[in-house]
Amino acid sequence: MFAFMESYKPGLHIISTFSAPVSFLTDATNCRKFFDHIILQLGLTDVGSVYHSFSNGGFTAVICLTESHISIHTWPEYGIATFDVFLSSFKNDNSEKVRRFYSETIQYFQATEINKQEITR
């Protein structure tokens with residue numbers, strides 16, 4: 001085992017699948033606005049993002065943060081999305097920010113959680 005891992009815990013990673021109304025699963029523009037808002041509100045640092053819309057209306061987005069990343073992939077034809085958020089705890093314990101980002105995302109999408117895993121790294 002690496003000695004530094006005994007004192008450093010990399011952070012919390014939440015991975016989820018949820019169902020949501022199709023109108024949210026096809027709206028990459030407003031999702032970007034929401035993500036930008038919550039990133040700013042939580043004091044995170046966006047270092048680059050990619051949003052891609054598909055012909056069926058679904059979209060995928062990956063946002064790189066100095067703290068780590070957020071990603072979402074939507075399948076409106078099935079009424080679901082997969083989502084994950086991981087924030088490093090290198091300088092601060094960001095676990096509550098991860099949980100808040102997740103809960104606010106569920107609220108924004110008016111989602112119903114299908115499954116959720118919290119992985120402490």
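In this predicted model, the buried residues of helix α3 are Ser95, Val98, Phe101, Tyr102, Thr105, Ile106 and Tyr108. Viewed down the helix axis, these buried residues fall within an arc of 165°, so they line one face of α3. The spacing in sequence follows a general rule. An α-helix has 3.6 residues a turn, so residues three or four places apart point the same way. On the face of α3 turned away from the buried side are the exposed residues Glu96 and Gln107.

The helix itself runs from residue 95 to residue 108, which makes 14 residues. From the first C-alpha to the last, α3 reaches 20 Å, close to the 20 Å expected at 1.5 Å a residue. Just after α3, Gln110 takes a positive phi of about 50°.

What covers the buried residues of α3? The cover includes helices α1 (22-25) and α2 (28-41), together with the strands β1 (11-19), β4 (68-75), β5 (80-88) and β6 (112-120). Thr105, a residue of α3, gives an example of such packing. Its relative accessibility is 0%, so Thr105 counts as buried. Leaving aside residues up to four places away in sequence, Thr105 touches Phe34, Phe35 and Phe83.

Those three phenylalanines also belong to an aromatic cluster, made up of Phe18, Phe24, Phe34, Phe35, Phe83, Phe101, Tyr102, Tyr108 and Phe109. Among the cluster members, Phe101, Tyr102 and Tyr108 are also listed with the buried residues of α3. The structure as a whole holds 10 aromatic pairs. A pair of aromatic rings is described by the distance of the centres and the angle of the planes.

One of the pairs joins Phe24 and Phe109, with 6.3 Å from centre to centre and 55° between the planes, a tilted arrangement. This pair links distant parts of the chain: Phe24 belongs to helix α1 and Phe109 to the loop between α3 and β6, 85 residues apart. Phe24 has a relative accessibility of 17% and therefore counts as buried, because the cut-off for buried is under 20%. Phe109, at 0% relative accessibility, counts as buried as well.

How are the rings of Phe34 and Tyr108 arranged? Their centres are 4.5 Å apart and their planes lie at 10°, so the pair is stacked. Phe34 lies in helix α2 and Tyr108 in helix α3, so the contact ties together parts that are 74 residues apart in sequence. Both Phe34 and Tyr108 are buried.

Another aromatic ring, that of Phe86, has a charged residue over its face: Arg121, at 5.2 Å from the ring centre.

The cysteines remain. A disulfide is a covalent bond between the sulfur atoms of two cysteines. How many disulfides does the model contain? The count comes to 0. Cys31 is in no disulfide, and the nearest cysteine sulfur, that of Cys64, is 15 Å away. Because a disulfide requires the two sulfur atoms to be within 2.5 Å, that separation rules out a bond between Cys31 and Cys64. Cys64 is likewise in no disulfide, with the sulfur of Cys31 as its nearest, 15 Å away. The surroundings of the two are described by their accessible areas: Cys31 is buried, with a relative accessible area of 0%, whereas Cys64 is partly exposed, with a relative accessible area of 38%.

Technical notes. Residues are numbered from 1 along each chain as its sequence is written. This is a predicted model: local features need pLDDT of at least 70, side-chain atom pairs count only at pLDDT 80 or more; totals for chains, interfaces and linings use all residues. Side-chain values use heavy atoms; hydrogens and water are left out. Buried means under 20% relative accessible area, exposed over 50%, partly exposed in between (1.4 Å probe, protein chains only). Helices (H or I, at least four residues) and strands (E, at least two) are DSSP runs, numbered from the N terminus. The expected span of a helix is 1.5 Å times one less than its number of residues. The arc is that of the directions from the helix axis to the C-beta atoms. Contact means heavy atoms within 4.5 Å. Rings of Phe, Tyr and Trp (its six-membered ring) pair if their centres lie within 6.5 Å; planes under 30 degrees apart count as stacked, over 60 as edge-to-face and the rest as tilted. A charge sits over a ring if NZ of Lys or CZ of Arg is within 6 Å of the ring centre and within 35 degrees of the ring normal.
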